[in-house]
Amino acid sequence: MNNKKLVFSGVQPTGNLHLGNYLGALKNFVSLQKEMECIYCVVDLHAITVFQKPSELYNNVLETTASFLATGLNPDKSIIFNQSSVSGHSELAWILNCVSRIGWLNRMTQFKDKAGSDKEKASVGLYIYPNLMAADILLYKATHVPVGADQKQHLELSRDIAQKFNNDFDCKNFFPLPEPLIPKNISRVMSLRDATKKMSKSEESDYSRINLKDSADEINRKIRKAKSDSQQIPDNIKLLENKPEALNLLNIYSEISKNKLEAVVLEMAGKEYSFLKTKLAEILIEEITPIGKELQKLLKDKSYLKTILQKGSEKASIIAEENLKNIRDKVGLI
Ligand code: TYM
């Protein structure tokens, strides 16, 4: 068995990337590129499972690429490319559609959330989306997948598909079972308006999230308006159990300041939430606005961004083609 470690992850180009994407995924992408071979993909085929205006999709693919670079991904170290430029993703997805089971897909909570009350009207692509995600990972025989907690169930499905393929085609260990790398401290950044929901690109109010492109003023305003609690900050984490908004702000503060939540709660105990908000806005501005500025700069040179994607696709295609040859062979395709 090949013991080579390989990281793969993807981000949908569906609009502004936000603090959830950054703390749940991108920050990890950057630290992993120092230790392992990494492939990072702008998953445009996933994005079109919900209708995207073609001109917006085009710009969003470039903007997501720019966000990868602005947060610190280095195209000389990591492969950065867009999914649709390597046709092996679609081909393997079809093969895996025939391995994956309808019962497995029926359990996917994200489909239920995204399809809403009228499932009949959702695209077939949205339903089989997790099989394409498995194809993304298995096409490169990736061993590690950095994601936020919301993708955990999809990762478990990818492992089930890999295992079933290995059993069905009698090729033990052909596909490694990919391991999720989920941040321990803050695996799910919650909405600033309603902390029972995750921070997301699709929530209507822009006040619910901090975008990587936000200015210092916008970050200040959003943190000041964020829901918190009318009481003072308690001295014990247990007392925050029923205060999801307060806990979310403290968790973000703990992650960005690189201090344990317990230490942050002790530091803030007895203070008003306005005190926490002032400090949180300060460190967020320090961390996020340089990324936003770099992002805006990169967006001015679209041909550079396209070259990055093109070079990345060339490198990704070489690995994908080699693996696909073996996959076709295992399945008995001539
Ligand atoms: P996407 O585009 O929704 O999100 C990109 C990454 O950001 C993480 N994330 C969060 N983490 C913490 N808190 C949040 N509020 C938050 N919101 C988003 C996501 O967990 C993800 O890691 N299906 C995937 C994209 C994908 C993929 C793949 C990922 C396609 N193929 C293969 C890994 C491997 C998605 O829609 O992510």
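A cavity is a set of grid points, taken over the protein atoms alone, where a 1.4 Å probe fits but cannot get out. The legends below describe close-up views of a predicted model.

**View 1. The enclosed cavity of the predicted model.** The largest cavity has a volume of about 60 Å³. Counting cavities of 30 Å³ or more gives a total of one. Gln110, Phe111, Lys114, Leu126, Tyr129, Pro130 and His154 form the lining of the largest cavity. Helices H6 and H7 each contribute at least two residues to this lining. Sorted by class, the lining of the largest cavity comprises four nonpolar, two polar and one charged residues.

**View 2. The largest pocket and the residues along its lining.** The space in the largest pocket amounts to about 1300 Å³. A total of 47 residues line this pocket, and Gln110, Lys114, Asp150, Gln151 and Lys198 are the ones nearest its centre. Two or more lining residues come from each of the following elements: S1, H1, helix H2 (44-47), helix H6 (109-115), H7, strand S4 (144-146) and helix H8 (152-168). Helix H1 provides the largest share of the lining, namely five residues. The lining of the largest pocket divides into 16 nonpolar, 21 polar and 10 charged residues.

**View 3. The ligand in the largest pocket, with its surrounding shell.** The ligand sits in the largest pocket. Around the ligand there are 27 residues, and the closest of them are Gln12, Tyr129, Asp136, Asp150 and Val189. Strand S1 (6-11), helix H1 (19-32) and helix H7 (124-139) each give at least two residues to this shell. By class, the shell holds 11 nonpolar, 11 polar and five charged residues.

**View 4. Polar atoms of the protein beside the ligand, at Tyr129, Val189 and Gly20.** At Tyr129, a polar side-chain atom is 2.6 Å from an oxygen atom of the ligand. Tyr129 is also one of the residues that line the largest cavity. At Val189, a backbone N or O atom lies 2.8 Å from a nitrogen atom of the ligand. At Gly20, a polar backbone atom is found 3.1 Å from a nitrogen atom of the ligand. Taken alone, the ligand exposes 700 Å², and the protein buries 97% of that area.

Key. Residues are numbered from 1 along each chain as its sequence is written. This is a predicted model: local features need pLDDT of at least 70, side-chain atom pairs count only at pLDDT 80 or more; totals for chains, interfaces and linings use all residues. Side-chain values use heavy atoms; hydrogens and water are left out. A residue is near a molecule or strand if one of its heavy atoms lies within 4 Å of it. A polar contact is a pair of N or O atoms within 3.5 Å; within protein, one must be able to donate a hydrogen and the other to accept it, and residues adjacent in sequence count only if both atoms are side-chain atoms. Accessible areas come from the Shrake-Rupley method with a 1.4 Å probe; for residues, only the protein chains shown count as cover. On a 1 Å grid over the protein atoms alone, a cavity is a set of points where a 1.4 Å probe fits but cannot get out, and a pocket is an open set with protein on both sides within 12 Å along at least five of seven lines; lining residues have an atom within 4 Å of a point. A molecule sits in a cavity or pocket if more than half of its atoms lie within 2 Å of its grid points. Helices (H or I, at least four residues) and strands (E, at least two) are DSSP runs, numbered from the N terminus. Ala, Val, Leu, Ile, Met, Phe, Trp, Tyr, Cys and Pro count as nonpolar, Asp, Glu, Lys and Arg as charged, and the others, Gly among them, as polar. Grid points are joined across faces, edges and corners, and a volume is the space filled by probe spheres set on the points.
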